[in-house]
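Hello,

Here is the structure I promised to pass on to you. Have a look at it first, and then read on for what turned up.

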Amino acid sequence: MKNLYVPKGKTLHYETLSCQNLVVDGVLVVEETLRARSISGKGILDVGTISARHVAAMDIECASLIAESLAAERVCAAEVILSGPAVVSCYLEAEYVETPKLTVGKSKIGTLRATDVVNLPEKERGILGALAAGFLRRLWLSLTHRIP
């Protein structure tokens with residue numbers, strides 16, 4: 001299969017899956033192995049083993065993830081092995097992580113092998129906090145830069 005798109009609101013089940021480009025906006029469940037050149041989307045991946053070049057997804061739950069680069073909000077895996085950088089903005093839970101550079105929000109990692117680790121600061125700002133921050137920023141700019 002060359003390309004596969006999982007639309008929002010749909011759930012697809014496969015035993016194994018191999019494709020070049022995969023976009024998951026819904027839910028993709030693969031019992032065993034998922035092989036792809038690139039994986040992207042705002043959906044949920046529930047996979048046994050992921051083998052890909054580039055992974056950029058919202059939620060990933062798998063036994064093993066092997067890739068060149070990773071960008072995700074939430075990852076839950078037994079093993080994450082990357083040859084390039086990893087960015088997990090919300091939460092990373094893994095027993096073993098190996099990557100040259102890891103940028104992560106919250107994490108629970110058993111064994112970490114990384115040369116560079118960046119922990120993102122916690123931002124728990126609701127809608128009122130965002131509005132207040134925007135108001136204060138606008139006020140500060142109007143006072144210092146004379147914006148009308």
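About 9000 Å² of the chain is exposed, and carbon and sulfur atoms supply 56% of that area (Shrake-Rupley method, 1.4 Å probe; for residues, only the protein chains shown count as cover). This is a predicted model, in which local features need pLDDT of at least 70 and side-chain atom pairs count only at pLDDT 80 or more, while totals for chains, interfaces and linings use all residues. Residues are numbered from 1 along each chain as its sequence is written, and side-chain values use heavy atoms, leaving out hydrogens and water.

The chain has 1 helix and 7 strands, in the order β-β-β-β-β-β-β-α (DSSP runs numbered from the N terminus: H or I of at least four residues for helices, E of at least two for strands). Of its 148 residues, 31% are buried (under 20% relative accessible area; exposed is over 50%, partly exposed in between).

Now for two surface patches. Phe 135, Leu 136, Leu 139 and Leu 143 make a nonpolar one, with about 420 Å² of accessible area together. Patch residues have over 30% relative accessible area and no salt bridge (Lys or Arg side-chain nitrogen within 4 Å of an Asp or Glu carboxyl oxygen), with nonpolar side chains joined within 5 Å and like charges within 9 Å. Phe 135 lies in helix α1 (residues 127-145) and counts as exposed because its relative accessibility is 55%.

Glu 15, Glu 31, Glu 32, Asp 46 and Glu 61 form a negative patch. Glu 32, in strand β4, is partly exposed at 40% relative accessible area.

Happy exploring!

Note on methods. Buried < 20%, exposed > 50% of the residue type's maximum accessible area, 1.4 Å probe, protein only. Lys, Arg positive; Asp, Glu negative; His and termini not counted. Charge placed at Lys NZ, Arg CZ, Asp CG, Glu CD.
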